[in-house]
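Take a look at the chain and its ligand below. Then follow the report from the ligand outwards.

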Amino acid sequence: MRLSSLSLAGTAILSLALILGRADVPAQTVDPAEAFAPPAVTEYMGRTVAQTMHWSGSGWLIRHKREREEAASLMREKLELKPGMTVCDLGCGNGYHTFPMGKSVAPGGKVYGVEIQEPYLLMLKEGAEKAGVTNFVPVLGKLYDPNLPEATFDLMLLVDVYHEFSHPEQMLTAMRKALKPDGVVVLVEFRAEDDTVPIKPEHKMTKAQIDKEMTANGFKLVKAFDGLPWQHMLWYGKANP
Ligand SMILES: C[S@@+](CC[C@H](N)C(=O)[O-])C[C@H]1O[C@@H](n2cnc3c(N)ncnc32)[C@H](O)[C@@H]1O
């Protein structure tokens with residue numbers, strides 16, 4: 001079940017309790033911001049939006065084979081991170097890419113890690129300590145808002161995340177605001193054009209579909225790397241900075 005469905009269910013139970021006059025339900029459990037959350041989409045511009053990968057499957061994100069299957073180090077090398085940069089790993093899971101990114105932007109730089117699933121925040125805190133990364137900023141985002149400061153980021157990385165957005169337009173608007181004028185969003189998505197990539201279809205995207213969605217939301221393709229084994233790697237800047 002989607003997180004938004006869960007919060008909708010919670011709101012419905014609360015409303016029912018209030019109608020039935022249950023005085024023991026504290027009214028302050030209703031977050032007014034959530035009550036006005038925009039509706040989630042299940043289809044976007046001709047594609048099915050994937051279900052959010054639940055945190056209980058987080059072991060898959062740190063599987064031994066991942067480095068070989070995704071050429072993860074090569075992908076991060078291609079980001080060309082430098083000390084002093086402010087970067088974000090959006091939808092960072094348990095920090096597989098976040099902590100190496102933090103090391104690459106030190107000294108002087110910071111890495112923000114955004115997640116919508118609260119259990120990840122504890123894993124991230126412990127992971128940062130274990131990895132000795134002190135320039136990491138954990139952020140609890142919402143499905144429609146990454147809760148990031150404006151005009152701050154040189155680069156935002158989304159690995160295997162964008163296709164899960166239940167609110168793509170709201171997220172892309174917020175991401176544009178969070179980027180510096182010359183900042184870039186780097187999308188890494190499993191290639192839907194390639195049947196040999198062993199990932200469920202709704203968790204893959206074609207380059208054409210990514211580009212259709214990004215250009216419709218104020219971004220332009222500035223660079224691409226086609227050398228990853230399974231994934232597209234696409235850099236987008238603001239179309240009108
Ligand atoms: C397949 S996991 C990838 C995790 C990480 N990027 C990695 O490569 O190890 C996708 C993650 O995106 C997160 N996610 C989905 N929608 C999000 C949103 N609107 N804002 C932030 N994170 C989101 C999910 O909670 C999930 O942990």
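How far does a polar side-chain atom of Arg66 lie from an oxygen atom of the ligand? The distance is 2.7 Å. This value, like every other here, comes from a predicted model.

**The ligand**

The ligand has 22 residues around it. Arg66, Gly91, Glu115, Gln117 and Val159 are the closest. Three polar contacts are set out here.

| Residue | Atom of the residue | Atom of the ligand | Distance |
|---|---|---|---|
| Arg66 | polar side-chain atom | oxygen | 2.7 Å |
| Val159 | backbone N or O | nitrogen | 3.0 Å |
| Leu143 | polar backbone atom | nitrogen | 3.3 Å |

Arg66 uses its side chain. Leu143 uses a backbone atom, and so does Val159. How much of the ligand does the protein bury? On its own, the ligand exposes 600 Å². The protein buries 99% of that.

**The chain as a whole**

Now step back to the whole chain. It holds eight helices and ten strands. The chain has 241 residues, and 46% of them count as buried. Its accessible surface is about 12100 Å². Carbon and sulfur atoms account for 58% of that surface.

Contacts also tell us about the fold. Take the contacts between residues at least 6 apart in sequence. Of these, 71% join residues at least 24 apart.

**A histidine in a loop**

His97 sits in the loop between β3 (86-90) and α5 (98-105). Is His97 buried or exposed? His97 counts as buried because its relative accessibility is 4%, and the cut-off for buried is under 20%. Set aside the neighbours within four places in sequence. His97 then touches Arg66, Ala72, Met75, Arg76, Asp89, Leu157 and Val159. Two of these names are familiar from the ligand: Arg66 and Val159 are among the residues closest to it.

**Two cysteines without a bond**

A disulfide is a covalent bond between the sulfur atoms of two cysteines. How many disulfides are counted in this model? The count is zero. Why does Cys88 form none? The closest cysteine sulfur, in Cys92, is 7.8 Å away, so the gap is too wide for a bond. The cut-off for a disulfide is 2.5 Å. Cys92 is likewise in no disulfide, as its nearest cysteine sulfur is that of Cys88. Both cysteines are buried: Cys88 has 0% relative accessibility, and Cys92 has 7%.

**Helix α8 and its two sides**

Helix α8 spans residues 207-216. Its buried residues are Gln209, Ile210, Glu213 and Met214. Why do they line one face of the helix? Look down the axis of α8: these residues fall within an arc of 125 degrees, so they share one face. The face turned away from the buried side carries the exposed residues Ala208 and Ala216. Just after α8 comes Gly218, with a positive phi of about 85 degrees.

**A glycine far along the chain from α8**

Gly46 lies in the loop between β1 (43-44) and β2 (47-48). Is Gly46 buried or exposed? Gly46 is exposed, with a relative accessible area of 76%. Compare its place with that of Glu213, one of the buried residues of α8. Gly46 and Glu213 are 167 residues apart along the chain, and their C-alpha atoms are separated by 9.9 Å.

Terms used. Residues are numbered from 1 along each chain as its sequence is written. This is a predicted model: local features need pLDDT of at least 70, side-chain atom pairs count only at pLDDT 80 or more; totals for chains, interfaces and linings use all residues. Side-chain values use heavy atoms; hydrogens and water are left out. Buried means under 20% relative accessible area, exposed over 50%, partly exposed in between (1.4 Å probe, protein chains only). Helices (H or I, at least four residues) and strands (E, at least two) are DSSP runs, numbered from the N terminus. Contact means heavy atoms within 4.5 Å. Accessible areas come from the Shrake-Rupley method with a 1.4 Å probe; for residues, only the protein chains shown count as cover. A residue is near a molecule or strand if one of its heavy atoms lies within 4 Å of it. A polar contact is a pair of N or O atoms within 3.5 Å; within protein, one must be able to donate a hydrogen and the other to accept it, and residues adjacent in sequence count only if both atoms are side-chain atoms. The arc is that of the directions from the helix axis to the C-beta atoms.
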